[in-house]
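Student: I would like a close look at one residue in this structure and at what surrounds it. Please start from that residue and work outward to the rest of the chain.

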Amino acid sequence: MKARLTLVLAATLGLAACQGDDGSPTAAPVTVSKQENLLTLVTAPPLSSRQRGALSAIRGRDGSAEVHVARLAAEPARLLSNGAAVRMSIAPGVDVTAVPEQLRQRAADDLSWGGAVRGQDGWVQLVYMEGGVTATVTVGGNSYRIEPIGEGLHAVTRIDQTAFPPEHTPDNFSGALWDNDRLGARSLGTGNIGIAATSTQNVLVVYTASAASAAGNIASKIQLAVDETNTSYANSGITINMVRVNTSQVTYNESGRTFSQHVSALQGTTDGMMDNVHTLRNTYAADIVMLVVNDSEACGQAAAIKATASSAFAVSYWDCITGYYSFGHEIGHLQGARHDRYVDSSTSPYSYGHGYIPPSKGWRTVMAYGNNCANCTRVQYWSTPLRTYPPTGEVLGTATYEDNARVLNTTAATVAAFR
């Protein structure tokens with residue numbers, strides 16, 4: 001039986017019980033006390049050759065608009081687990097204080113933390129692992145990445161989403177190797193957000209050696225992608241709890257291969273490429289399998305739109321999985337969600353299953369492309385007519401065409417039963 005993540009809500013603060021890879025609770029709720037500094041910007045710090053190399057690689061990445069260096073507090077685990085509001089400097093003149101709303105502790109030096117920015121619309125999602133912090137911070141209309149470069153120093157990068165690769169390659173613009181619009185879709189029911197029970201979906205995440213080398217902190221980045229996806233569900237009224245049940249490196253060379261070939265190699269059982277993934281999937285009872293690659297041709301691709309147990313596979317480029325929500329986007333395809341109607345007019349498998357761009361064209365939901373809004377910012381919300389986007393007060397979707405939350409709630413229990 002799959003374990004469930006228990007959410008513990010206080011009157012003024014939502015606090016999540018902690019979980020390990022198996023989803024079992026490991027820590028008690030915390031309460032808010034004083035704020036302390038977690039990250040402090042430093043100017044021209046002395047750097048080792050390794051730190052200089054890491055910083056140079058980060059500055060050279062797609063989407064790195066500006067990069068600063070910050071020093072981590074001496075006891076980050078204590079600051080993050082004691083219930084205190086946390087303050088951090090993320091750019092010159094940009095200091096944020098976040099109040100904890102989520103805490104999941106897997107070990108003394110391995111935890112996930114999430115909290116709202118005090119005094120303005122914003123969110124901090126971070127993972128503390130192996131002495132470093134990997135995080136995404138959204139505030140003031142900007143998003144920032146935080147990642148360790150060694151010996152307590154961290155790079156803080158303002159993200160330029162317009163510089164990311166296209167979400168999918170031109171030959172698979174729907175986002176899936178197999179599109180149910182062509183094959184004919186089997187209905188899973190109409191769904192109802194209000195009465196759905198929480199479904200736990202287990203995800204196995206595997207990655208290539210090249211992705212691990214490029215990312216530098218691949219395990220924490222993968223956990224952050226899972227945490228960001230869960231927060232996007234909570235933001236949108238989606239009753240899914242995603243649990244990372246295992247993370248493993250696989251033997252696969254993505255160089256010279258297309259995303260379609262990546263997906264086929266991952267999904268195939270007897271082609272001699274990553275066939276051990278299927279043993280891992282069964283061992284850890286993973287409903288969904290995600291492969292993280294180092295391939296900047298696109299941000300990802302899924303095996304199917306509204307997958308079955310045999311097609312619940314997807315691939316993502318490591319640089320897109322956090323801060324741009326491509327990890328959740330590709331899994332959204334597997335759950336039956338489609339892009340916005342400007343780029344995808346299909347009504348299969350659900351007529352209401354599209355991502356959303358508001359009339360203001362100031363932002364787009366997780367499944368929406370940027371073609372119809374001058375590549376506007378992708379936000380950590382799924383389309384739904386039942387909620388609004390907090391910074392603007394605009395509704396997040398329509399009941400007729402743009403309700404990805406309903407799609408995901410409709411298919412949640414089926415996906416959760418794949419293993």
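Tutor: Gln223 is found in helix α5. The model is a predicted one, and every value below is computed from it. At 5% relative accessibility, Gln223 is classed as buried, because the cut-off for that class is under 20%. Leaving out residues up to four places away in sequence, Gln223 touches Arg106, Ser112, Val127, Met129 and Arg244.

One of these contacts, Arg106, leads to a charged pair. The side chains of Arg106 and Asp110 form a salt bridge, with an N to O distance of 2.9 Å. Arg106 and Asp110 are both buried. In general, side chains of opposite charge can pair when their charged atoms come close.

The helix that holds Gln223 also takes part in an internal cavity. The largest cavity has a lining made up of Ala225, Glu228, Thr229, Ser232, Tyr325, Gly328, His329, Val366 and Trp382. Two elements, α5 (218–236) and α8 (326–334), each give two or more residues to that lining. The largest contribution is that of α5, with 4 residues. By type, the lining has 4 nonpolar, 4 polar and 1 charged residues. The volume of this cavity is about 40 Å³, and a search of the whole structure finds 3 cavities of 30 Å³ or more.

The other helix at the cavity, α8, is mostly covered, with 9 of its 9 residues buried. These are Ser326, Phe327, Gly328, His329, Glu330, Ile331, Gly332, His333 and Leu334. Gly328 and His329 also appear in the cavity lining. After α8 comes Gly336, which has a positive phi, near 110°.

Phe327 of α8 also leads into the nonpolar interior. The largest nonpolar core has 66 residues, and those that touch the most other members are Leu266, Leu291, Val292 and Phe327. Strand β15 (residues 288–293) supplies the largest share of this core, 6 residues. Leu266 can serve as an example of the packing. Apart from neighbours within four places in sequence, Leu266 is in contact with Val206, Met274, Val277, His278, Val289, Leu291, Phe313, Ala314 and Val315. There is also a second, separate core, which has 27 residues and includes Leu72, Leu79, Leu111 and Ala135. As a general point, nonpolar side chains in soluble globular proteins tend to be buried together.

Back to the charged pairs. The count of salt bridges comes to 7, and the pair of Asp110 and Arg106 is one of them. In another, the side chains of Glu147 and Arg61 meet at 2.7 Å, N to O. Glu147 belongs to strand β10 (residues 142–150) and Arg61 to the loop between α1 (49–59) and β4 (64–72), so this salt bridge ties together parts that are 86 residues apart in sequence. Glu147 and Arg61 are both buried.

A further salt bridge joins the side chains of Arg341 and Glu402, at 2.9 Å from N to O. This pair links distant parts of the chain, 61 residues apart: Arg341 is in the loop between α8 and β18 (363–364), and Glu402 is in the loop between β21 (394–395) and α9 (404–416). The two partners fall into separate burial classes. Arg341 has a relative accessible area of 38%, so it counts as partly exposed, between the cut-offs of 20% and 50%. Glu402, with a relative accessible area of 6%, is buried.

For contrast with Gln223, take Thr251, in the loop between β14 (240–249) and α6 (259–267). Thr251 has a relative accessible area of 75% and is therefore exposed, since that class begins over 50%. Thr251 and Met273 lie 22 residues apart in sequence, and their C-alpha atoms are 7.7 Å apart in space.

Finally, the whole chain. The protein has 9 helices and 21 strands. It has 419 residues, of which 59% count as buried, and Gln223 belongs to that buried class. Of the contacts with a separation of 6 or more, 66% are between residues 24 or more positions apart. The salt bridge of Glu147 and Arg61, for instance, joins parts 86 residues apart.

Conventions
Residues are numbered from 1 along each chain as its sequence is written. This is a predicted model: local features need pLDDT of at least 70, side-chain atom pairs count only at pLDDT 80 or more; totals for chains, interfaces and linings use all residues. Side-chain values use heavy atoms; hydrogens and water are left out. On a 1 Å grid over the protein atoms alone, a cavity is a set of points where a 1.4 Å probe fits but cannot get out, and a pocket is an open set with protein on both sides within 12 Å along at least five of seven lines; lining residues have an atom within 4 Å of a point. Grid points are joined across faces, edges and corners, and a volume is the space filled by probe spheres set on the points. Ala, Val, Leu, Ile, Met, Phe, Trp, Tyr, Cys and Pro count as nonpolar, Asp, Glu, Lys and Arg as charged, and the others, Gly among them, as polar. A nonpolar core is a set of buried Ala, Val, Leu, Ile, Met, Phe, Trp, Tyr and Cys residues joined through side-chain atoms within 4.5 Å. Buried means under 20% relative accessible area, exposed over 50%, partly exposed in between (1.4 Å probe, protein chains only). Contact means heavy atoms within 4.5 Å. A salt bridge is a side-chain nitrogen of Lys or Arg within 4 Å of a carboxyl oxygen of Asp or Glu.
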